[in-house]
Amino acid sequence: MVLNASETTALVNGTDKQDENNTTENLQSSKRLKAYQPWAFFVTFGGYFMAHFSRKCYSTIKNNLEDEAGYSPLLISCMDSMFMGTYAIGNIVSGKLGDTFNPTTILSIGLFGSGSCLFFMTVAIWFDFHTYSVLLGNIFILAVYFCFGFFQSTGGPVGTAVMGNWFCDKDSIKRRGLIFGLWTCHQYCGDVTAQFCTAAVLAAKIPYWWALVIPASTN
């Protein structure tokens, strides 16, 4: 079949218009992507910042837990081992959950759960569970830290996946090292803030368990 000049012109013009429409849609999508990238960066940064803030505050009062709460070095060692074990397994589980469900929901559950675990740990200190039964007190604390590891594990795999999804354009790929280098500062910012928080609590001469209540409430 041979097309006449008018039909050929119509096909070319139609193709050009389609290409123009695709280009316009791509530009609009790129603009929307760029507009939301800072939001994705700071939300995931803030979530992981809070995870490290709540995690490190416990580490800074270990001496107080031994001296004032009566926790044995063995119990604290078991708490750390329990946390790291469930944290390692939780990274795999949380990564799968982040792929299956809404990542924001998974991150929110992780932060809320982390805050709840710190609160329950504070409750154990308030009511001094070990005076009733050392065994039951140890089991309660270890159970809390068992859950704490899983809740804390949501930040890494899910936050990284969210960042990878949002920073996927050519410009971001070229600067991915810088972007993720800045993003991973959440760990150090959270750890430093926890140190300052604990120092402020101890300097103010208020009960040391406030170093757990503050991150629990802010989570």
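Which residues are exposed on the other side of H8?

## Helix H8

In this predicted model, the residues exposed on the other side of H8 are Gly177 and Leu178. Helix H8 spans residues 176-183, and its buried residues are Ile179, Phe180 and Trp183. Viewed down the axis of H8, these buried residues fall within an arc of 90°, so they line one face of the helix.

## Nonpolar cores

The largest nonpolar core contains 33 residues. Tyr58, Leu65, Tyr71, Met79, Met121 and Tyr145 have the most contacts inside this core. Two or more residues are contributed to the core by each of helix H1 (5-59), helix H3 (73-100), helix H4 (103-126), helix H5 (134-152), H8 and helix H10 (210-218). Another core, of 6 residues, lies apart from the largest one, and Phe49, Phe53, Cys57 and Cys197 are among its members.

Tyr71 illustrates the contacts of a residue from the largest core. With residues up to four places away in sequence left out of the count, Tyr71 touches Leu65, Glu66, Ile76, Met79, Ala124, Ile125, His130 and Ile141. Of these partners, Leu65 and Met79 are also listed with Tyr71 among the residues with the most contacts inside the core.

## Cysteines

A disulfide is a covalent bond between the sulfur atoms of two cysteines. A search of the whole structure finds 0 disulfides. For Cys57, the closest cysteine sulfur is that of Cys197, at 4.4 Å; this is too far for a bond, because a disulfide requires the two sulfur atoms to lie within 2.5 Å. Cys57 and Cys197 nevertheless both belong to the core of 6 residues. Cys57 has a relative accessibility of 0% and therefore counts as buried.

The sulfur of Cys185 has its closest cysteine sulfur in Cys189, at 5.8 Å, which is likewise too far for a bond. Cys185 has 31% relative accessibility, so this residue counts as partly exposed.

## Ser153 in the loop between H5 and H6

Where does Ser153 lie? Ser153 is located in the loop between H5 and helix H6 (155-166). Its relative accessible area is 0%, so Ser153 is buried.

Which backbone oxygen does the side chain of Ser153 reach? The side chain of Ser153 reaches the backbone oxygen of Gly90, at 3.2 Å. Gly90 also appears among the residues that Ser153 touches, together with Tyr87, Asn91 and Ser94, when residues up to four places away in sequence are not counted.

Methods:
Residues are numbered from 1 along each chain as its sequence is written. This is a predicted model: local features need pLDDT of at least 70, side-chain atom pairs count only at pLDDT 80 or more; totals for chains, interfaces and linings use all residues. Side-chain values use heavy atoms; hydrogens and water are left out. Buried means under 20% relative accessible area, exposed over 50%, partly exposed in between (1.4 Å probe, protein chains only). Helices (H or I, at least four residues) and strands (E, at least two) are DSSP runs, numbered from the N terminus. The arc is that of the directions from the helix axis to the C-beta atoms. A nonpolar core is a set of buried Ala, Val, Leu, Ile, Met, Phe, Trp, Tyr and Cys residues joined through side-chain atoms within 4.5 Å. Contact means heavy atoms within 4.5 Å. A polar contact is a pair of N or O atoms within 3.5 Å; within protein, one must be able to donate a hydrogen and the other to accept it, and residues adjacent in sequence count only if both atoms are side-chain atoms.
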